[in-house]
Amino acid sequence: MSTSIRNRLPGTIDKILSDKVVSEIVIRTAAGTVTSIITTGSVKRMNLKEGDAVFAVIKATEVSVEKE
């Protein structure tokens, strides 16, 4: 698979919380925990399971910094 996104963090799925429409995927990476919200249909299509090795692929057009 080829992609233009450069921010790819290898990790392992720690937890999948699903309902009928959306699922929360918790991925443990060397940089810390990353949580993704994807469709439950995508979870089923990709056959994702806890313990699977995956990549957290991050594409952002803006990163903001705030200090109190």
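This report describes the sheet, one helix residue and the salt bridges of a predicted model.

## The sheet

Four strands form an open sheet in the order β3-β2-β1-β4, and their pairing is antiparallel. The edges are occupied by β3 (residues 32-39) and β4 (residues 53-58); each has a single partner strand, so one side of each is left without a neighbour in the sheet. On average, and with direction ignored, neighbouring strands of this sheet are turned by 45 degrees against each other. In general, the strands of a sheet pair through backbone hydrogen bonds, in either a parallel or an antiparallel manner.

The pairing of β2 with the edge strand β3 can be described in further detail. Strand β2 comprises residues 22-29 and is joined to β3 by eight bridges, the two strands running antiparallel. Within this part of the sheet, I25 is placed opposite S36 of β3.

## Residue T40 in helix α1

Helix α1 spans residues 40-46 and includes T40. The relative accessibility of T40 is 6%; because buried means under 20%, T40 counts as buried.

Leaving aside residues up to four places away in sequence, T40 touches S18, D19, K20, V21, V22 and S23. Among these contacts, S18 belongs to strand β1, which covers residues 7-18, while V22 and S23 belong to strand β2, which covers residues 22-29.

## Salt bridges

Two salt bridges are present in the structure. In one of them, the side chains of D14 and R28 meet with an N to O distance of 3.1 Å. This pair links distant parts of the chain, since D14 lies in strand β1 and R28 in strand β2, 14 residues apart. D14 has a relative accessible area of 34% and is partly exposed. R28 is likewise partly exposed, with a relative accessible area of 45%.

The other salt bridge is formed by D52 with K49, whose closest N and O atoms are 3.7 Å apart. The cut-off for a salt bridge is a nitrogen within 4 Å of a carboxyl oxygen, and the D52 and K49 pair, at 3.7 Å, therefore qualifies. D52 has a relative accessibility of 21% and counts as partly exposed, because the buried class is reserved for values under 20%. K49 is also partly exposed, and its relative accessible area is 43%.

Conventions: Residues numbered from 1 in each chain as written. Predicted model: local features only at pLDDT ≥ 70, side-chain atom pairs only at ≥ 80, totals over all residues. Heavy atoms only, no water. Pairing = 2+ DSSP bridges. Axes fitted to C-alpha atoms, helices over the stretch in contact; angles between N-to-C directions. Buried < 20%, exposed > 50% of the residue type's maximum accessible area, 1.4 Å probe, protein only. Contact = heavy atoms within 4.5 Å.
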